[in-house]
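Here is a colleague's note on the model shown below, set out as numbered points. It begins with a pair of helices and then takes up the sheets and the pocket.

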Amino acid sequence: MKTIDRIQGYADELVAIRRDIHAHPEIGFEEKRTSEIVARLLASWGIEVHAGLGKTGVIGILKGRGTGRTIGLRADMDALPMDEQTNLPFASKNPGKFHGCGHDGHTTILLGAARYLAETRNFNGTVIFIFQPAEEGLGGARAMLKDRLFERFPCDEIYGLHNQPDGHPGRVGIRSGPVLAGADFFDIRIVGQGSHGAMPHQSRDPVLMAFTLGQALQSIVSRNVDPLKAAVLSITQVHAGAAYNVVPAEAHLAGTIRTFDDGVRAQVGQRMREIAAGMALGFGAEIAVDIRDIFTVLENAEEQADVVRAVAGDLIGADNVVLGPQMMGSEDFADMLRAVPGAYFMLGAKAGPGLHNPGFLFDEAILPVGASLFARIAENRAA
């Protein structure tokens, strides 16, 4: 894996930063300690710091030697609300919180790039370092945008990355156009009538309705959505009842919708409501459907995707730059890309347990690789 020599020279320090953040994970909008570490390090390198954007976000501003473009580089800081099962000596000290997606690594990568750029200033324009809170479905990007992120800190273009434990350490995956799906979360509340479990004829059974509705909803993708357009509808939660001999009065379904097309997204939501309304009428119950827009479809601009491709090719070799996959996962950097043109790329890592797995292990060898890529993009574009 090729890196900038100067960044490779403090790789051990990056590892130490990452392990400290990893041991003290904080979930969305609670990243107080992480934000303080970021702000302190940026300031120590002579970078102008603005804290508290989007509640716990941090912005760093670094001016180059002359005038040129303003380039935004972004990393996410939040952990997941889950337990860690890695048995690492620096494992999470906070029960129920774990950096199981590698945001501790992303934060460290951007810090590495910031230090190098502050020490060298081999560019003319300005670099904006964006440390974002609450990426994991809580709307951190939207919170920063609501706080006028790009009005206060205008950027000509922006870049982000994500680690990918695919068995190809240091390889870059990049594509233009739609990359990651838009996502809705939904909750469906079914209100029927409870009864004794031995007398179900006296009930309007919400459990039966939940099973029937869940099966019916699966027909939307297979029978309503154009088969040439991707969509996923997953029911991920089912809640009802608390006793063996009681038919409960209510049931609850929850899950997610994923698409690459806003028209398909609207179609799926409409059909969910129509099917639920028809079933409520047929069963004589009340069914309320709440669908919430959580993630925007992430789309890379062609020009900025080409920038990543070219810079990565120069740094790590063209053979290590591949067409990135389209994935049904989501990422709220998409909202920033709707405001400013940019690109988001995948950085390969050693194979291991997948993202959001309690045994996930971040590949620390890619820290200087990611930092070098961010730094070279800034030097290339803030010209």
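1. In this predicted model, helix α3 (residues 32–44) and helix α4 (residues 103–120) have axes that come within 10 Å and cross at roughly 10°. Since angles under 35 degrees count as roughly parallel, α3 and α4 are therefore roughly parallel to each other. On the α3 side the contact is made by V38, L41 and L42, and on the α4 side by T107, L111 and A114. Sorted by class, the residues of this contact comprise five nonpolar and one polar, with no charged residues.

2. Turning to the sheets, eight strands form an open sheet in the order β1-β2-β4-β3-β5-β16-β6-β15, and the pairing in it is mixed. At its edges stand β1 (48–53) and β15 (321–323), each of which pairs on one side only. On average, neighbouring strands of this sheet are turned by 25° against each other, direction ignored.

3. Within the eight-stranded sheet, strand β3 (residues 70–76) and β5 run parallel and are joined by four bridges. One residue pair can be named here, in that R74 has G160 in β5 as its bridge partner.

4. Two helices pack on this sheet and deserve to be read together. Helix α10 (residues 302–316) touches β5, β6 (172–174), β15 and β16, and its direction makes about 160° with that of β6. Helix α12 (residues 367–381) touches β3, β4 (126–132), β5, β6 and β16, with a direction that makes about 165° with that of β5.

5. Which strands form the open sheet of four, and in what order? The order is β10-β12-β8-β13, and the pairing is antiparallel. Because β10 (231–240) and β13 (286–295) stand at the edges, each with a single partner strand, one side of each is left without a neighbour in the sheet. The twist in this sheet averages 15° from one strand to the next.

6. Strand β8 (residues 182–191) can be followed through both of its pairings. With β13, strand β8 pairs in the antiparallel sense over nine bridges, and in this pairing D184 stands opposite D293, while V191 stands opposite E286. With β12, strand β8 pairs in the antiparallel sense over 10 bridges, and F186 has G255 in β12 as its bridge partner. A reader checking the side chains may wish to look at the pair D184 and D293, since both names are aspartates set opposite each other across β8 and β13.

7. The four-stranded sheet also carries helices. Helix α7 (residues 206–217) packs on the sheet and touches β8, β10, β12 (250–259) and β13, its direction making about 15° with that of β12. Helix α9 (residues 262–283) lies across β8, β10, β12 and β13, and runs at about 165° to β13.

8. What is the volume of the largest pocket, and which residues lie nearest its centre? The volume is about 610 Å³, and the lining consists of 27 residues, of which C101, E135, E136, S330 and H356 lie nearest the centre. The elements that give two or more residues to this lining are β5 (157–164) and β16 (342–348), and β5 gives the most, with three residues. By class, the lining of the largest pocket divides into 14 nonpolar, eight polar and five charged residues.

9. Finally, β5 links several of these points. This strand is joined to β3 by four bridges, is touched by helix α10 and by helix α12, and gives the most to the lining of the largest pocket. Strand β16 belongs to the eight-stranded sheet as well, and is likewise among the elements that give two or more residues to the pocket lining.

Key:
Residues numbered from 1 in each chain as written. Predicted model: local features only at pLDDT ≥ 70, side-chain atom pairs only at ≥ 80, totals over all residues. Heavy atoms only, no water. 1 Å grid on protein atoms, 1.4 Å probe; cavity = no way out; pocket = protein on both sides within 12 Å on 5 of 7 lines; lining within 4 Å. Points joined across faces, edges and corners; volume = space filled by probe spheres on them. Nonpolar A, V, L, I, M, F, W, Y, C, P; charged D, E, K, R; others polar. Pairing = 2+ DSSP bridges. Axes fitted to C-alpha atoms, helices over the stretch in contact; angles between N-to-C directions. Contact = heavy atoms within 4.5 Å. Parallel < 35°, antiparallel > 145°, perpendicular 65-115°, else oblique.
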